[in-house]
Every structure is written in structure tokens, then in C-alpha cells.
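Work through the following exercises with the sequence and the coordinates open beside you. Each task sentence is followed by a solution that proceeds step by step.

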Amino acid sequence: CKSYVGRVFAKGQNLSIGAGCDTIAIVEHEILHALGFHHEQSRYDRDDYVRIVFANILSGREHNFDKVGSDNSTTHGVPYDYMSVMHYGRNAFTNGSGDTIITIDPKFQDVIGQRLEMSPSDALELNLRYNCSKS
């Protein structure tokens, strides 16, 4: 399950969607990558909302938790979204020592990483990114 972020190739790009990656939410996740979305916990303002526990991340997978600077991305003013289909779950890339993402507000700890569907904020940011109307 993977995609480049944004348009990388002039004539289009392949998305990796296969066994175990074929749910609607995972397909949405990968398409949003292709449309320019980074992971929610990679936002430049993420430290106000989550704490990344680097000691619990599998060696060699730390890059999955890099922040993307405001000079390389925009949120279009959409608030941080714990329900985003682009958010990793609490134990993404764990080395078995515990959670890799801790929400600052504990009531969201068990909702991050949902793979049901795009959230309303995902749809709003997509519409803002591509200058689309709500309809």
C-alpha cells in the first residue's frame, strides 16, 4: 500500500493497491497521497496535538514520522484532524515497546488511524486544495 505524494510523473503514477490494501479507506488514503496529502501526524503543527515516541519505533522506520515543514505543505487552515484517514494509528511501526503516537488529548488515542472513510476535514481540505465547491 503506497503512493508518491503529489504528482511525481507527468503522465501519471501507479498506486500500490493489492491484497490487504483493498479497502475503500486504504484506497482513499493512497489516492490522497497522489493528490498531494501527507500523513496527518507529519503536519508542521503536529506537536500541539500528538507526541511521537521515537524510542518505540522500529529501527529504520523513523522517517515515517518526519514532520513536513510549512514551506513544503499547507493545511489550508483546516484544523488538525485525529479522524483523518491520513492519520497513522497509535502503534504504527511499533517495535513492540508501546505506542508510537500519543495524542495530547487522551480521548482521541483510540480513534487515530481509523480506516473507515475520509473524514469531513479530509474532504474539506481536498476541496480547498483543488478549489472545488462543496457540491
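**Exercise 1. Decide whether H33 is buried or exposed, and describe its surroundings.**

In this predicted model, the first step is to take the relative accessibility of H33, which is 6%. Buried means under 20%, so H33 counts as buried. The second step is to place the residue in the secondary structure, where H33 is found in helix 1, spanning residues 24-34. The third step is to list its contacts, leaving aside residues up to four places away in sequence: H33 touches S3, Y4, V5 and G6, and also H38, H39 and M86.

**Exercise 2. Characterise the largest pocket by its volume and its lining.**

Begin with the volume, which is about 370 Å³ for the largest pocket. Of the 16 residues that line this pocket, V5, H33, H39, N64 and Y88 are the closest to its centre. H33 therefore returns here as a buried residue, and V5 and H39, which are among its contacts, appear in that central group as well. Finally, sort the lining by class, which gives four nonpolar, eight polar and four charged residues.

**Exercise 3. Analyse the aromatic pair of Y49 and Y82, and state which parts of the chain the pair ties together.**

A search of the whole structure finds eight aromatic pairs. For Y49 and Y82, the centres are 6.5 Å apart and the planes make an angle of 75°, an edge-to-face arrangement. Next, locate the partners: Y49 lies in the loop between helix 1 and strand 1 (50-52), whereas Y82 lies in the loop between strand 1 and strand 2 (101-103), so the pair ties together parts that are 33 residues apart in sequence. Then compare their exposure: Y49, at 27% relative accessibility, counts as partly exposed, while Y82, at 8%, counts as buried.

**Exercise 4. Carry out the corresponding analysis for F65 and F93.**

The rings of F65 and F93 are also edge-to-face, with 6.2 Å from centre to centre and 85° between the planes. Both residues sit in the loop between strand 1 and strand 2, and the pair links distant parts of the chain, 28 residues apart. At 0% relative accessibility F65 counts as buried, whereas F93, at 25%, counts as partly exposed.

**Exercise 5. Identify which residues ring pairs link into a cluster, and where R129 lies relative to F37.**

Ring pairs link Y49 and Y82 with Y80 and F108 into a cluster. Turning to the charged residue, R129 lies over the face of F37, at 4.5 Å from the ring centre.

Methods
Residues are numbered from 1 along each chain as its sequence is written. This is a predicted model: local features need pLDDT of at least 70, side-chain atom pairs count only at pLDDT 80 or more; totals for chains, interfaces and linings use all residues. Side-chain values use heavy atoms; hydrogens and water are left out. Helices (H or I, at least four residues) and strands (E, at least two) are DSSP runs, numbered from the N terminus. Buried means under 20% relative accessible area, exposed over 50%, partly exposed in between (1.4 Å probe, protein chains only). Contact means heavy atoms within 4.5 Å. On a 1 Å grid over the protein atoms alone, a cavity is a set of points where a 1.4 Å probe fits but cannot get out, and a pocket is an open set with protein on both sides within 12 Å along at least five of seven lines; lining residues have an atom within 4 Å of a point. Grid points are joined across faces, edges and corners, and a volume is the space filled by probe spheres set on the points. Ala, Val, Leu, Ile, Met, Phe, Trp, Tyr, Cys and Pro count as nonpolar, Asp, Glu, Lys and Arg as charged, and the others, Gly among them, as polar. Rings of Phe, Tyr and Trp (its six-membered ring) pair if their centres lie within 6.5 Å; planes under 30 degrees apart count as stacked, over 60 as edge-to-face and the rest as tilted. A charge sits over a ring if NZ of Lys or CZ of Arg is within 6 Å of the ring centre and within 35 degrees of the ring normal.
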